[in-house]
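Me: I should like to go through a structure together, one feature at a time. Please reason briefly before each result.

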Amino acid sequence: MRAIIINEYGSKDVLVEQELPKPEIKPNQVLVEVYATSINPIDWKLRAGYLKGMLDWAFPIILGWDVAGKIVEVGDEVKDFQVGDEVFARPDTTPRGTYAEYTVVDEELLAKKPSNLTFEEAASIPLAGLTAWQCLVDKTKVKQGDKVLIHSGAGGVGSLAIQMAKHLGAYVATTASEKNEAYVKNLGADEFINYRAQQFEEELSNYDVVIDTMGGDILTKSFKILKPGGRLVTIAGQPDPALIEKHQVTASSYWLTPNGKQLGELGELLEKGILKPQVGSVFGFSAEELQKAHELSETNHAKGKIVIKVK
């Protein structure tokens with residue numbers, strides 16, 4: 001099968017095409033023919049070597065942990081899926097990812113692809129969608145009437161998180177650039193902060209929840225807008241224990257847990273039109289195209305999700 005792999009850590013140029021054997025499945029797994037995948041920051045952070053302490057894998061490594069496609073083989077223990085099913089998933093984090101014509105997925109991580117979505121749209125959802133949902137529902141327990149700040153609302157996670165927070169009944173503020181003001185308001189944001197011209201920590205106060213996707217100074221400043229007892233979750237750093245104590249809030253770092261059942265629930269919201277996929281860019285399946293996609297993701301200014309059309 002064709003795969004885009006890395007044989008070393010480095011810049012986008014280490015992404016190269018290689019023929020690899022089609023993967024073999026275990027009894028609890030299915031083999032998915034990949035129609036589309038998408039780019040997430042974990043992809044280029046691992047490619048650059050930033051995560052090798054956590055994910056110490058042997059080369060070659062196939063990056064990519066989003067998939068939408070069709071099942072072409074099922075293991076003996078698989079009960080709820082069959083050959084021909086259209087599915088989407090955030091597969092387990094392994095060195096045999098989704099930048100390939102075929103990928104392996106555990107049954108418990110699979111969900112049926114929403115019938116009203118293209119494969120490209122479906123591939124944009126799993127990692128970012130599960131991250132947003134787990135941060136809002138599992139970690140910060142957002143409820144009706146909560147005031148929620150979502151950083152980088154035009155990004156992959158943010159653009160889904162805004163829609164989810166509104167669905168949960170929250171008042172939503174978000175940060176974005178001036179060119180994306182109409183975009184994030186159309187997603188449902190009640191309040192827009194132009195991060196280039198405004199200081200969000202001076203504009204907002206008494207918030208219940210912050211969803212941080214940026215880390216660094218943004219994470220540090222976010223504590224200032226929370227009310228006592230507020231909740232913060234970051235996917236881009238580690239909260240300072242001193243700030244947690246000073247502001248009397250709860251705060252944690254979060255790494256998503258792949259979950260087919262939750263993804264199926266998101267699929268229902270997508271089929272009802274409550275949640276809409278946000279595909280900002282689509283690239284082809286070649287080393288050169290993947291390099292361009294990584295370059296865009298690394299700017300941290302991509303609008304919506306970056307998708308790779310494989311088939």
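**Contacts of a histidine, a helix and a pocket**

Me: Which residues does His151 touch, not counting residues up to four places away in sequence?
Reply: The model is a predicted one. Leaving aside residues up to four places away in sequence, the contacts of His151 include Gly158, Thr175, Phe200 and Ser222. The others that His151 touches are Val210, Ile211, Asp212, Thr213, Met214 and Ile218.

Me: Is His151 buried or exposed?
Reply: His151 lies in the loop between β8 (147-150) and α4 (156-167). Its relative accessible area is 1%, and buried means under 20%. His151 is therefore buried.

Me: Around what arc of the axis of α10 do its buried residues lie?
Reply: Helix α10 covers residues 287-298. Its buried residues are Ala287, Leu290, Gln291, Ala293, His294 and Ser297. They are on the same side of α10, because they cover an arc of only 165°.

Me: Which elements are included in what covers the buried residues of α10?
Reply: Helix α1 (41-47) is one of the elements covering these residues. The strands included are β1 (2-6), β2 (15-19), β3 (29-39), β14 (279-283) and β15 (305-309).

Me: Which strand gives the most to the lining of the second largest pocket?
Reply: This pocket has a volume of about 250 Å³. Of the 20 residues that line it, Pro23, Thr94, Arg96, Thr103 and Val104 are the closest to its centre. By class, the lining has 10 nonpolar, 6 polar and 4 charged residues. The most, 5 residues, comes from strand β6 (residues 102-106).

Definitions and conventions: Residues numbered from 1 in each chain as written. Predicted model: local features only at pLDDT ≥ 70, side-chain atom pairs only at ≥ 80, totals over all residues. Heavy atoms only, no water. Helix = DSSP H or I, 4+ residues; strand = E, 2+ residues; numbered from the N terminus. Expected span 1.5 Å × (residues − 1). Buried < 20%, exposed > 50% of the residue type's maximum accessible area, 1.4 Å probe, protein only. Arc of directions from axis to C-beta. Contact = heavy atoms within 4.5 Å. 1 Å grid on protein atoms, 1.4 Å probe; cavity = no way out; pocket = protein on both sides within 12 Å on 5 of 7 lines; lining within 4 Å. Points joined across faces, edges and corners; volume = space filled by probe spheres on them. Nonpolar A, V, L, I, M, F, W, Y, C, P; charged D, E, K, R; others polar.
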